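Got your viewer open and a selection box ready? Load the model below and click along.

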Amino acid sequence: MFYYISFLRPPPTQAALSGEPILITPQIANDLRTEYYTDVQDIFYSWSLHSPTPSSVITKPVKLMSWRASTMYKEIPVPPPRNVRNGEYWRLILSSGTSRKDQVLSLNDENLGRQPFPVLSDPIFFSARSSKVAVKQERIQRSYALIAINRDHPVIFDIIEQTSFDLDKKIWDSGIGLSSWLIQLHSGMVANTALVSKVKDVLFTSKCGVLELGVNTQRGGIPRSTKP
């Protein structure tokens with residue numbers, strides 16, 4: 001079972017330039033949010049500049065809190081980005097470590113899940129004009145990385161999830177676990193046995209059809225993908 005950092009109380013969609021902290025309530029739980037993390041876990045925050053211009057600016061992670069299930073409803077103030085300007089959008093990143101790698105889920109990692117997964121908020125708009133109503137965000141984002149063959153750098157892609165409890169609007173443990181296993185299988189990281197060799201041949205060498213039966217949308221349907 002994996003554990004995910006998320007927001008019990010998410011940040012607002014808009015914040016003022018007054019320098020006041022942004023209040024959030026972090027949460028660490030399983031994919032269905034029915035079981036909470038039982039250990040003490042340090043959570044670090046950083047800011048990622050989203051717009052108005054494309055940027056790779058990410059601030060250095062700073063310790064925000066030590067999360068405990070006994071205090072999981074506590075509001076935590078987060079200082080806004082330094083020198084934030086009017087009209088800029090920033091994402092809040094929460095992670096369990098202080099490196100850039102800790103802010104991304106590496107599907108090639110044999111120890112995937114040893115720490116709670118990081119999370120990014122939706123962009124927060126900073127404005128000199130204060131908003132009368134604080135509208136809370138309803139989406140989060142997680143970044144995934146995989147090392148592809150013949151590439152010097154990992155491929156990073158983002159998946160957006162809803163903060164609601166609708167099960168069809170978020171990633172499940174099984175999807176992450178299976179994706180990681182398939183990538184490690186293709187990369188030769190899985191111990192080679194007769195069964196593993198047969199699976200690799202079927203998936204990566206032979207022509208095969210793929211039939212997915214898991215349609216969790218409360219409606220009939222069997223998506224089918226055929227590899228030519």
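Here is a short walk through a sheet, one residue and a pocket.

This is a predicted model, where local features need pLDDT of at least 70, side-chain atom pairs count only at pLDDT 80 or more, and totals for chains, interfaces and linings use all residues. Residues are numbered from 1 along each chain as its sequence is written, and side-chain values use heavy atoms, with hydrogens and water left out.

**Stop one: the sheet.** Select 4–9 and 76–78: these are S1 and S6, the edge strands, each pairing on one side only. They belong to an open antiparallel sheet of 3 strands, ordered S1-S3-S6. (Strands are DSSP E runs of at least two residues, numbered from the N terminus; two strands pair if DSSP finds at least two bridges between them.) Now add 22–29, which is S3, joined to S1 by 5 bridges. Pick out Arg-9 and you'll find Thr-25 of S3 opposite.

**Stop two: Glu-161.** Jump to S12 at residues 155–162, where Glu-161 sits. Is Glu-161 buried or exposed? Glu-161 counts as buried because its relative accessibility is 3%, the cut-off for buried being under 20% relative accessible area with a 1.4 Å probe, protein chains only. Leaving aside neighbours within four places in sequence, its contacts (heavy atoms within 4.5 Å) include Glu-138, Arg-142, Tyr-144 and Lys-169.

**Stop three: Strand S2.** Select 14–16, which is S2. S2 gives the most to the lining of the second largest pocket, with 3 residues. (A lining residue has an atom within 4 Å of a pocket point; a pocket is an open set of points on a 1 Å grid over the protein atoms alone where a 1.4 Å probe fits, with protein on both sides within 12 Å along at least five of seven lines.)

Key:
Helix = DSSP H or I, 4+ residues; strand = E, 2+ residues; numbered from the N terminus. Buried < 20%, exposed > 50% of the residue type's maximum accessible area, 1.4 Å probe, protein only.
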